[in-house]
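User: Please take a close look at one part of this model. I would like a connected description of single residues and of the elements around them.

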Amino acid sequence: MTERERVQSDEAKGPPETDPRIEGEKHPIARMIGIGLVASVIGIAITLWIDWFPESAAGSANKIDTLYDVLLICSVPVFVLVMTIAIYSVVRFRAKPGDMGDGAPIHGNTRLEIIWVTIPFIMVTALAIYGWIVLDDLEAKQRNEMVVKVTGQQFTWSFEYPSEQVSSPELVLPVDRPVEFRIQTKDVIHSFWVPQFRLKSDAVPGLTTTIRLTPDKPGRYEVVCAELCGLGHSTMRQFVRVLPAADFDTWVQNEKQAAGGGGGGGQAAAPSGEELFSSEGCGGCHTLKAAGTTAKVGPDLGKLGAAANAKFIRTSIVDPNADVTKGYQPDIMPGNFGTALSKEELDALVKYLLEAQE
Ligand code: CUA
């Protein structure tokens, strides 16, 4: 008997009266539902038990964590449903050795199709509405908001407090006071993110994006750039300090005095070279022992050696591609410092770098 004839004779016989694998299986669907329910409960318990997020340090975090838990509770049963049916079908309807026949022809099942379109539609719509309500809540304007302007640049963040008239390379926030971050970038797209606050927003050239949150736990957390922005992306990390309100006021006073030289009004003194090194973000890419920076995207500016002269330093700031240090790539350093800095600022920065040679 050839293979073909054997298959044909098998088909002619039709399905066997009893399949030993399903004997005693009177209610396969009830059994599947039973297995599915148990698996769902175990799955939900595991996903809720896993600690997905770092500690929370802002009011927004709790709402976001709850939203995430609801998403987990909804998605585990869907995953279990799909896997239960798939695994059950693989086991239950597996072809016997030598069975080359086709399965029975079917032309769909209207009732089943309506069910599997309607239920996911309702679930996804309900979750989208819930997510929208949470988002709307998080974006709502708060009373007594403090505005902080966040500026990203390759590869550092800087922070400005317009009503406090302070700018700082470090983000410092008072606890329990709502903050509105206005996020901008000087060059490419970055993304402002503090994991403990949960919220994240891109800094997009030409736009000001906004996030609102209220830090509710004093501490020190990391500010992370969450958008690949160039060679120094992974080093684009700073700290945010959340302080009690009184300590924050003290910090603001200290910053003001440091910036204004204790000045009582009038024009603020021109920034020193050291301040410019910090505010322009030089330390985001360069090591400089005098400034305590250790980044390695660009050359160590404290070890210029024979190149430590005013002309070379000035040219390297204004036209970074003019003379690229061996071992480094061109086009990494932004080329706009020549226009961003005034002549006096450039002089101060060059002088500072000359003095900072080791
Ligand atoms: Cu800035 Cu990544």
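Analyst: C74 is partly exposed, because its relative accessibility is 23%, and buried here means under 20% relative accessible area, exposed over 50%, partly exposed in between (1.4 Å probe, protein chains only). This is a predicted model in which local features need pLDDT of at least 70 and side-chain atom pairs pLDDT 80 or more, while totals for chains, interfaces and linings use all residues. Residues are numbered from 1 along each chain as its sequence is written, and side-chain values use heavy atoms, with hydrogens and water left out.

C229, by contrast, is buried, because its relative accessibility is 6%. The number of disulfides (cysteine sulfur atoms within 2.5 Å) comes to zero.

The sheet comes next. Five strands make up an open sheet with mixed pairing, in the order β4-β10-β9-β6-β7; strands are DSSP runs of E with at least two residues, helices are runs of H or I with at least four, and both are numbered from the N terminus. Pairing requires at least two DSSP bridges between two strands. At the edges stand β4 (171-174) and β7, each of which pairs on one side only. On average, neighbouring strands in this sheet are turned by 25 degrees against each other, direction ignored.

At the β7 edge, strand β6 (residues 190-193) runs antiparallel to strand β7 (residues 200-203), and four bridges join them. Across this pair, H190 stands opposite A203 and F192 opposite S201. Six residues lie between the two strands of the hairpin, and R198 has a positive phi near 70 degrees there.

Q196 is also in the loop between β6 and β7. Its relative accessible area is 14%, so Q196 counts as buried. Apart from neighbours within four places in sequence, Q196 is in contact (heavy atoms within 4.5 Å) with P54, E55, S56, A57, A58 and A61, and also with Y221 and E222.

L213 belongs to strand β8 (residues 209-213). L213 is buried, because its relative accessible area is 4%. With neighbours within four places in sequence again set aside, L213 is in contact with F197 and L199, with R177, P178, V179 and F181, and with A58 and S60. A58 is thus listed among the contacts of L213 and among those of Q196. I114 is 99 residues from L213 along the chain, and the C-alpha atoms of these two residues are 42 Å apart.

Two helices pack against each other in another part of the model. Helix α2 (residues 28-49) and helix α3 (residues 59-92) meet at an angle of about 145 degrees, and their axes are 8 Å apart; axes are lines fitted to C-alpha atoms over the stretch in contact, with angles from 0 to 180 degrees between N-to-C directions. On the α2 side the contact is made by P28, M32, I35, G36, A39, S40, G43, I44, T47 and L48. These residues meet D69, L72, I73, V76, P77, V80, T84, I85 and Y88 of α3.

The last residue is H286, in the loop between α6 (273-279) and β11 (287-288). Its relative accessible area is 10%, so H286 is buried. Residues up to four places away in sequence aside, H286 touches T293, T294, A295, G298, P299 and L301, together with M333.
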